[in-house]
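Here is a structure to look around in. Take a moment with the sequence and the picture, and then we'll walk through the strands, the helix and the charged pairs.

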Amino acid sequence: MKKTSASAVAKYPFDIYVFKSDGTYKYLPNENQLEVINNRDFRGMTGTQDFVASASVNVVLVADLEREDDTPDIEVRKKRVELDSGHVVQNMMMWASGNDKKCVPRGMFVEEGLLEILALDPNRYYIPI
C-alpha cells in the first residue's frame, strides 16, 4: 500500500475523493489513478465559500470508521481520524508548495450532502473538519 502520511495505530482510515468540473473521482493510491464516481460537477458542494465552485480541484477526505475497529467508542474513532486528517493535509500542502500550486485547507461543508453524492453510509463514513 502506498501511504505517505502518518496514521494513528496504522489504520489509514481515509479514502480520498477529488471533485473537478468534469466529475467526481475516488483516488486509488496503489494504482496512483482516479476512478470515476460520476460525471457531474459537484465542486460547489465541497464548501460554503464562494470560490469552491470554481476551484480547479477540490479534495475531500472521507474516513471509513470501520477501519478503526479496535476502538468501540465512536467519538474516539472520530478524534483519531481528525488527527490523521492533519497529516494527510500537511502532505498535500507540501506537495502543492513544492509544485508552485495553491492549496487552501477547509472544513466548511455539509457532510451529509457529500456522503449522499458519494453514496456512502453516514453511519460508517465520516468527513473530518
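## The sheet

Let's start at one pair of residues: Ala63 stands opposite Tyr126 in E5. Before going on, know that this is a predicted model, where local features need pLDDT of at least 70, side-chain atom pairs count only at pLDDT 80 or more, and totals for chains, interfaces and linings use all residues. Residues are numbered from 1 along each chain as its sequence is written, and side-chain values use heavy atoms, with hydrogens and water left out.

A word on the labels: helices (H or I, at least four residues) and strands (E, at least two) are DSSP runs, numbered from the N terminus. Two strands pair if DSSP finds at least two bridges between them.

E4 and E5 are antiparallel partners joined by 2 bridges. They belong to an open sheet of 5 strands, in the order E3-E2-E1-E4-E5, with antiparallel pairing. Strand E3 (33–38) and strand E5 (125–126) are at the edges with a single partner strand each, so one side of each has no neighbour in the sheet.

Now step along the sheet from E4. E1 and E4 run antiparallel and are joined by 6 bridges, and Ile16 has Leu61 as its bridge partner in E4. E1 (residues 14–20) also pairs with E2 (residues 23–28), again in the antiparallel sense, over 4 bridges. There, Val18 stands opposite Tyr25 in E2.

E2 in turn pairs with E3 over 5 bridges, antiparallel once more. Lys26 stands opposite Glu35 in E3. E2 and E3 form a hairpin with 4 residues between them, and Asn32 in its turn has a positive phi of about 55°.

How much of E4 is buried? Of its 7 residues, 6 are buried, so E4 is largely enclosed by the rest of the structure. Buried here means under 20% relative accessible area, exposed means over 50%, and partly exposed is in between (1.4 Å probe, protein chains only).

## The helix

Helix H1 covers residues 74–98, and Ile74 lies in it. H1 has 25 residues and reaches 36 Å from its first C-alpha to its last, close to the 36 Å expected at 1.5 Å a residue. That expected span is 1.5 Å times one less than the number of residues. Within H1, Ile74 and Ala96 are 22 residues apart in sequence and 33 Å apart in space, C-alpha to C-alpha.

At the start of H1, a side-chain oxygen of Asp73 comes to within 2.8 Å of the backbone nitrogen of Glu75. Just after the helix, Asp100 takes a positive phi of about 55°.

Which residues of H1 are buried? They are Arg77, Arg80, Val81, Asp84, Ser85, Val88 and Ala96. What covers them includes E1, strand E4 (58–64) and E5. Ser85 makes a nice example: it has 12% relative accessibility and counts as buried. Leaving out residues up to four places away in sequence, Ser85 touches Phe14, Leu61 and Pro128, where contact means heavy atoms within 4.5 Å. Ile74, on the other hand, is partly exposed, with a relative accessible area of 35%.

## Charged pairs

A search of the whole structure finds 10 salt bridges. A salt bridge is a side-chain nitrogen of Lys or Arg within 4 Å of a carboxyl oxygen of Asp or Glu. Here are some of them, with the N to O distance:

| Pair | Distance |
|---|---|
| Asp70 and Lys11 | 3.9 Å |
| Lys26 and Asp15 | 4.0 Å |
| Arg67 and Asp15 | 2.8 Å |

Asp70 and Lys11 link distant parts of the chain: Asp70 is in the loop between E4 and H1, Lys11 is in the segment before E1, and they are 59 residues apart. Asp70 is partly exposed at 42% relative accessible area, and Lys11 is partly exposed at 22%.

Asp15 turns up in two rows of the table. Asp15 is buried, with a relative accessible area of 10%. Its partner Arg67 is in the loop between E4 and H1, while Asp15 is in strand E1, 52 residues apart. Arg67 is partly exposed at 27%, and so is Lys26 at 22%.

To finish, Asp15, Lys26, Asp64, Glu66, Arg67 and Arg124 are linked in a network of salt bridges.

Key
Polar contact = N/O pair within 3.5 Å; in protein donor to acceptor, adjacent residues only side chain to side chain.
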